Amino acid sequence: MSAYIHCSGISHMYRPAHGKEVLALDGVSLDIGEREFMALLGPSGCGKSTLLYMIGGFLPVETGRLTVGNAPVTGPGPERGIVFQHFALFPWKTVRQNILYGLEKKSLPRSEREQRAQHYIDRVHLSGFESAYPSQLSGGMKQRVAIARMLAVEPDILLMDEPFGALDAQTRELMHEELLAIVRRTPRTVVFVTHDVREAVYLADRVAVMTARPGRIKEIVTIDKPSCAGGDFMRTQAYRDKVDYLWHLVRAEALKTERAPANRAPS
Amino acid sequence: MRPPLVISRITPVVIMAVTWELAPRLGGVNPDFLPSLTMVAQAWWRSVATGELPYHAIVSLANLAIGLLASIAIGTLLGVLMAWHPLLNATVGPLVQMTFPIPRTALVPVMILWLGLGAASKIAAIFSGCLLPVIVSAYNGARGVEPTLIWSALALGASRRQVLWEIALPGALPDLMAGIRTAIAIAFVLMVTSEFLVGGRGLGYLISFTGDAGAYAAMFSVVLTVAALGFLADRLYLHLMTQILRWRE
Amino acid sequence: MARVTPLRSWYLTALRGASVVAFFLAWELVTRVGAIRPFLLPAPSLILDQLRFELVSGELVQAIQGTLLRMFGGYAIAVAIGVPFGILLARVAPVRWFFDPLVSIALPMPQIAFLPIFILWMGVGDGAKIALIAFSSIFPIIVQTWAGAEGIDKFMAWSAQSLGVGKRAFLWDIVLPAAMPQIFNGLQIALPIALLSTVVVEMLMGGSGVGGSIIDGMRLSDSPELFAGIVTVGVLGFLLDRAMDRLRRRALAWHQESQAD
């Protein structure tokens, strides 16, 4: 399988305005296939978000090689959509206006823009809330707006940075179902950052476990599951075994992070 | 390698100073309207050496200090008491609120009418202008103290009066100190305005005097002195404020 | 502090009203009885008479017009220059480097001290007045706009970039709306400053406007005229504040909601 997203030897030095430099990523090499759901799993500070931001083109690649579809990444773009943990919605725009934003940048005819926006509003089950402002919505609803906004420009790759981290447990489970439904309906590449082992096993095809800072790929684990796995997958022994295995991998790294001297740098 | 911070901050000022010096000299700007930096500096030095500038500066600052300190003392007391005693708040509060929309400087002519052309009216103007921001910030600060802090103190056996002085007052300090910073800025404006109107002595008077006499370099030098004093007062106070409020993270 | 029962709060509200009424009554009585020399403090009824007189003669409207025109002239200049400059300071590093010291020094200065310099440059007239008003009002606007345009949420900016926004559109689509609450803070702070500066320059340079009538009242010891002027300024200040509040609510409807969150 040819790699759709290819990283080799990626290193990243975090340079804060005050304080000393920190090596966030150290020679990360990873291949992600087309239409693959890859989870980046690791303790906080391991650099998984940093890697995601580099794939998204928000952070420059100084050391190593990063290509998407054989072309090197030079900056952000609508073919790589992104969703953040704290939603990053435009608070002065309504739900519909937020979702329309990327469509406006694509210079589509107006009727098509409106149609597409409505389509995705319905898809994420927010019909009826088109004219609401983000401040009036719950956390789960805000994240659905963020997802719809990303999907509306129909990106090839979905980049998700702990998207459900700010939601309560029940909402999170509902969002898992919705995300899987979306991905199954229109298969595309997903890179999903999380520190939650169960979430990674449930959602992903493969899970890349990262080491504590400086981040490297510790191990890549394939999750064998039936393609239409739903909630019942979680009750299988295969699931529990995988979770157990990954948990031990991550735990070792998490302990290293706990015991490391305090360092201020993003994950 | 980045240049040291001090150099980085000083350089723009140096560039502006040089521009100021050259513009009138090279004929780009009429030197009557903008005396060159050296001329202004010379006038400033002359004024300092003859004792003229220090004299007026001390007079001005003395008036300012008296008016300001009085407003802080009375304003704080009033504000905290109003926050603490609902009865007092209901009677005095609306009267205080009525004075909100009146600009502080509009009271200067009133003081002149009442107290004549002398130091008393200047001090009264400064006092009356600074009183309101202090009252408001003391009031808000005292009200904003977490009820849980007060209840804890009461549960630990403090009397109501002790809670007022030992808990509410320190709790009100952040807001109060911010309000005093505003009051300082207002005090300077009122000092200058009252001296423009009343005359006699003080830096504001000196500015009008030199302006009327056509000694523009001297006028510029005094204006800049006043500006510098206002700036310094603010910075010094800020330093004091951060020291006192160190506990506030 | 004491928990207030509904009965108690009704009682307090009544007390507030009564206090105001009592104050004005006392004022009226004391001045009528002659306990205070009338030229020092006129009775409220005299102040009202004065206002009515000025209204009928057209003086009041003329004075208010003059004051408001100058005020808005200076304020508009301050906004037109201050907001773009604040954004420049936030987004363009060389500009920030050069002007940061100047702006930090200028903010706490008593800008009124510069009036004689403006008079020197522009002569005795409305030009100097408007220049001073603009000069006084601009700094809070610059500082607040700067703060607003600087603190844009990184993730929101990245979302916009990911959705395909270009560099120029970024400024209009993202920076400006996101900075709006702070910008409005600046506008709100600067408005009473503009009114105050207008009154001061009118007082100092004499003649027209509400400030002019205040100073005339002082010079002629005509206290009703003086106090009528103060009341006028107070009412103007109050109305302007309300109008600005309403404007802010309208423009920042999306933000107000989140305040209530």
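Me: Which residues of H1(A) are buried?

Reply: In this predicted model, the buried residues of H1(A) are A:Lys48, A:Ser49, A:Thr50, A:Leu51, A:Leu52, A:Tyr53, A:Met54, A:Ile55 and A:Gly56. Each is called buried because 20 or more other C-beta atoms lie within 10 Å of its own (12 or fewer would make it exposed, anything in between partly exposed, with C-beta atoms placed from the backbone). Local features here need pLDDT of at least 70, and side-chain atom pairs count only at pLDDT 80 or more, while totals for chains, interfaces and linings use all residues. Residues are numbered from 1 along each chain as its sequence is written, and chains are lettered from A and ligands numbered from 1 in the order in which they are written.

Me: What makes helix H1 of chain A "mostly covered"?

Reply: The helix spans residues 48–56, and nine of its nine residues are buried. Just after H1(A) comes A:Gly57, with a positive phi near 90°. The label H1 comes from DSSP runs, numbered from the N terminus (helices are H or I with at least four residues, strands are E with at least two).

Me: Why is A:Glu154 called partly exposed?

Reply: A:Glu154 has 16 C-beta neighbours inside 10 Å, so it falls in between the two cut-offs for buried and exposed. This residue is in the loop between H4 and S7 of chain A. Its phi is positive, about 50°, although A:Glu154 is not a glycine.

Me: And why is C:Ser221 called exposed?

Reply: C:Ser221 has 11 other C-beta atoms within 10 Å, so it meets the limit for exposed residues. Look for C:Ser221 in the loop between helix H9 (209–219) and helix H10 (223–251) of chain C. C:Ser221 is not a glycine either, yet it has a positive phi of about 50°.

Me: How do you know which strands of the open sheet in chain A are at the edge?

Reply: The sheet has six strands in the order S6-S7-S8-S3-S9-S10, with mixed pairing. Its edge strands are S6 and strand S10 (217–222), each pairing on one side only. On average, neighbouring strands are turned by 15° against each other, direction ignored.

Me: What makes S9 and S10 of chain A a pair?

Reply: Strand S9 (residues 206–210) and S10(A) are joined by five bridges. Two strands pair if DSSP finds at least two bridges between them, so these two qualify. They run antiparallel, and A:Ala208 has A:Ile220 in S10(A) as its bridge partner. The loop between S9 and S10 holds A:Pro214, which a cis peptide bond with omega of about -5° joins to A:Arg213.

Me: Why is chain C called more spread out than a compact globule?

Reply: Its radius of gyration is 23 Å, well over the 18 Å that the globule rule gives for 261 residues, so the chain counts as more spread out. That radius is taken over C-alpha atoms, and the rule is 2.2 Å times the number of residues to the power 0.38. The C-alpha atoms of chain C fill a box of roughly 75 × 60 × 35 Å along the principal axes. Its secondary structure comes to eleven helices and zero strands, and 41% of its residues are buried.

Me: How is chain C divided into domains?

Reply: The domain assignment gives domain 1 (1–36) and domain 2 (39–260); such bounds come from an automatic or database assignment. The centres of the two domains, taken over C-alpha atoms, are 34 Å apart. Six residues from each domain take part in their contact.

Me: Which two chains have the most contacts?

Reply: Of the two pairs of chains that touch, chains B and C have the most contacts. A contact means that the C-beta atoms of two residues, placed from the backbone, lie within 7 Å. Chain B brings 41 residues and chain C brings 41 residues. H10(B) gives the largest share of chain B's side, nine residues. That side divides into 30 nonpolar, eight polar and three charged residues (nonpolar: Ala, Val, Leu, Ile, Met, Phe, Trp, Tyr, Cys and Pro; charged: Asp, Glu, Lys and Arg; polar: the others, Gly among them).

Me: How many residues do chains A and C bring to their contact?

Reply: There are 22 from chain A and 17 from chain C. Strand S6 (80–83) and helix H2 (95–105) of chain A each supply at least two residues of chain A's side. Chains A and B, by contrast, do not touch, and their nearest C-alpha atoms are 12 Å apart.

Technical notes: Axes fitted to C-alpha atoms, helices over the stretch in contact; angles between N-to-C directions.
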